[in-house]
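Me: I have a structure open on my screen and would like a close look at a single part of it. Could you walk me through one strand and then show me a little of what lies beyond it?

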Amino acid sequence: MSADATSPKDAPLLCIRDLQIEFSRHDAEPVKAVKGISLELKRGESIALVGESGSGKSATALSFARLLPEPPASITARQMTLNGHEILEMNERELRAIRGKEIAYIFQEPTTSLNPVLTIRTQIAEALALHRPDVSKAGRDDEIVKWLDKVGIVDSRKRLHAYPHELSGGMQQRVMIAMALCTQPKLLIADEPTTALDVTIQKQIMDLLAQLRRDLDMSIILITHNLGIIRSVVDRVAVMFRGEIVETGPVDEVIRNPQHPYTKALLACVPRMGPKLPRLQAIDYAVLDA
Amino acid sequence: MTSLQPFSLPPRWLPLRLLLGGVIVALVVLLAKHQNLNVFFSCAASVPDFGGRCGSSLIVLALALSLALCIALILGLSARQLGPRVELLVAVLGRALACVPVVVLAWGFISGWIGRLGLPVESLMPSLFPDTQDSRQVLLARALWGFLAPALVLALPLCGELTHGVIADGSATMNLDLSLRARGVPTGAQLWRHHLSQLLPLLRVRLQSLCLNALVYLIIIEDALHFMGWGDWLAQSLRAGDAAGVALGFASGGVLLSLLCAGLQLLPGRLKSAGGFVATLAWQPWLFWALGLLALLPASSLSWLVLWVAVLVSGSAGWHQTWNHIEAELPVEAARVFGAPELLIWRNHFAVVQCRLLMAWICSAFAHTLLCIAAACALLPRLVEELNEPLAKIYRPLAIATVQDAAQTLADPSALLQSGGGIALAALCLIQVSRIVQPRLS
């Protein structure tokens with residue numbers, strides 16, 4: 001658990017080789033959710049995992065901090081390291097130490113991630129108390145205000161004593177981002193962070209993530225089913241289909257020149273402004289299966 | 001006679017309403033018996049150390065509630081950590097404990113503690129210490145044990161009901177497990193900080209609703225243990241059919257409830273108050289009042305109607321609020337959009353839910369009636385004769401009125417245990433059926 005001592009600066013932050021995730025079922029064969037994917041993420045680099053619902057992107061992301069309940073989930077890999085730590089060899093205590101500190105998550109629905117009966121201050125202070133011993137008790141409020149300001153919450157000092165229901169959905173997601181970032185993680189995993197928000201707020205949140213990534217020089221894994229929103233935030237994209245990565249590459253290249261039929265089909269589904277085009281396409285699974 | 005009915009929100013200013021309710025019912029009793037307020041006050045003055053008795057009972061109630069809450073939280077939250085099967089088992093055991101008639105618990109305690117273990121109960125067998133042993137420690141120990149024995153017995157049914165509450169309400173709170181694990185929050189903090197903080201506002205309401213029934217439990221327990229409290233005095237007044245005593249009991253009971261509920265308001269977390277006539281009416285100690293009225297009414301088989309009405313009224317808020325919630329949330333917009341007539345919507349969507357709710361309510365009302373009859377027979381043994389023979393046979397062992405009855409029960413408690421066990425099993429089965437058929441929205 002000696003974090004950076006074991007991982008030189010040029011070593012990848014996240015290295016996954018042949019990751020497989022299965023879910024056992026009662027009286028039935030286990031379901032293979034992820035079928036041997038490999039992924040490498042350098043420090044400061046960002047990647048989007050794109051795919052339809054059920055393609056295994058969320059299961060993959062949750063497995064990085066072993067957040068899937070085991071059993072029924074079973075995670076195997078030839079290698080699965082985060083900042084030099086072999087994730088699959090860690091016990092629960094070691095995992096708790098890296099969760100929130102080295103790898104932070106933002107989930108889809110902020111209303112189900114924030115405790116409704118505790119104030120924003122209490123919840124962010126808990127994260128600081130757990131993972132930032134350098135911040136003194138007396139200095140916690142200032143630190144919280146700093147991060148709330150950073151994620152664009154106006155009147156942040158007043159908001160400290162607000163309860164989650166007193167904030168809008170977009171504001172709650174900003175609080176979640178502040179809570180995830182205040183511990184200064186090396187890797188932020190945003191699991192469809194804008195799905196539950198309306199379109200204008202989606203844009204604001206994506207812009208915020210892009211800006212924070214530049215300012216804090218951290219790595220981001222963005223999980224989404226929407227290829228249209230990733231360009232400003234990530235460097236690379238990995239397209240997942242039925243538990244496998246079918247295409248990966250720089251985001252502009254994949255969007256401009258998709259190689260795999262599924263990526264082409266996924267891009268064809270994105271509605272575009274401009275001259276009237278033929279009917280919006282649906283994915284033809286018969287072609288993909290052939 | 002449990003709070004195992006659906007959760008209901010209390011009306012605003014509950015302590016004040018309870019106080020006023022007690023005073024109003026006391027006045028009604030005095031008016032109905034053509035007695036004036038002087039009789040009421042002279043009755044209060046004639047009871048030796050009435051204030052002290054009320055204070056003792058308040059301490060017993062507060063102790064029992066605190067004990068029950070602590071044990072229920074430990075049991076409920078530990079069960080939550082051990083998984084859904086253990087949770088289910090603990091919840092059923094909690095309900096089973098809540099279904100045991102309180103008189104059985106009280107006499108079971110006396111029989112086990114004194115009869116089997118040979119240990120003392122200060123209120124039943126005050127120990128005579130030599131004059132030299134009057135140190136503060138000895139006095140404190142005697143006083144503490146004096147309060148602790150009734151509090152422990154009272155904590156048993158309350159603990160059963162609260163354990164059910166901790167588990168039932170726990171499933172209604174927001175599941176933050178994934179988010180908290182992702183933030184590296186330790187398991188203990190997940191449970192005690194995040195789960196408990198969501199649970200406490202709900203438990204506060206549960207505790208307040210428990211207080212309404214705890215008053216009746218307290219009378220039975222203090223009577224059995226001869227504890228010098230408000231309940232022991234009221235049990236004697238009820239048996240004597242003393243109208244002024246019953247009126248004083250109603251008024252002082254209102255004060256006790258009001259104080260307890262006001263104390264419980266100090267627990268953290270606030271829930272929206274319920275408006276409307278039903279909540280106002282139901283959040284009163286109807287079972288306590290019904291027992292008082294039964295003591296004053298002439299013996300008749302119709303007097304059971306009073307008890308039954310009390311059961312129905314006391315549970316009405318929970319069922320009413322459950323139905324209102326289901327009616328508001330039932331997804332019938334699609335049917336309305338395609339123009340289905342209201343009758344068709346009712347037949348296809350509401351009728352089944354209403355039937356299930358009606359069945360659940362009937363089962364629950366039957367279960368609570370069984371337990372209320374047990375409480376009534378324990379306090380007013382003459383009522384056993386008003387039951388039909390098969391029922392009288394079941395309930396007779398619970399009516400321990402004389403010293404001979406008590407001696408017989410202590411010598412051979414099997415009749416009491418069989419009777420109590422049978423009633424508890426029947427009530428538990430009915431409550432379980434009620435819970436199974438009760439419709440729920442996910």
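Reply: Happy to help; here is a short walk from one strand to the contact between the chains and on to a helix. Please keep in mind that this is a predicted model.

Let's start with strand β4 of chain A, residues 73-76. Side chains in a regular strand alternate between the two faces of the sheet. In β4(A), A:A73 and A:I75 point to one face and are buried, while A:S74 and A:T76 point to the other face and are not buried. The partner of β4(A) is strand β1 of chain A, residues 14-25, and the two pair in the antiparallel sense over 4 bridges. If you look across from A:T76 in β4(A), you will find A:Q20 standing opposite.

Now for the contact between the chains. Chain A brings 19 residues to the contact and chain B brings 15 residues. On the side of chain A that touches chain B, α2 (92-98) and α3 (120-131) each supply at least two residues. Of the elements there, α3(A) gives the most, with 4 residues. By type, the residues on this side of chain A are 10 nonpolar, 5 polar and 4 charged.

Finally, a stop in chain B. B:L344 sits in helix α15, which covers residues 342-379. B:L344 counts as exposed because it has 11 C-beta neighbours inside 10 Å, and the cut-off for exposed is 12 or fewer. Between the C-alpha atoms of B:L344 and B:L357, 13 residues apart along the chain, the separation is 19 Å.

Notes. Residues numbered from 1 in each chain as written. Chains lettered and ligands numbered in written order. Predicted model: local features only at pLDDT ≥ 70, side-chain atom pairs only at ≥ 80, totals over all residues. Buried ≥ 20, exposed ≤ 12 C-beta atoms within 10 Å, placed from the backbone. Pairing = 2+ DSSP bridges. Contact = placed C-beta atoms within 7 Å. Nonpolar A, V, L, I, M, F, W, Y, C, P; charged D, E, K, R; others polar.
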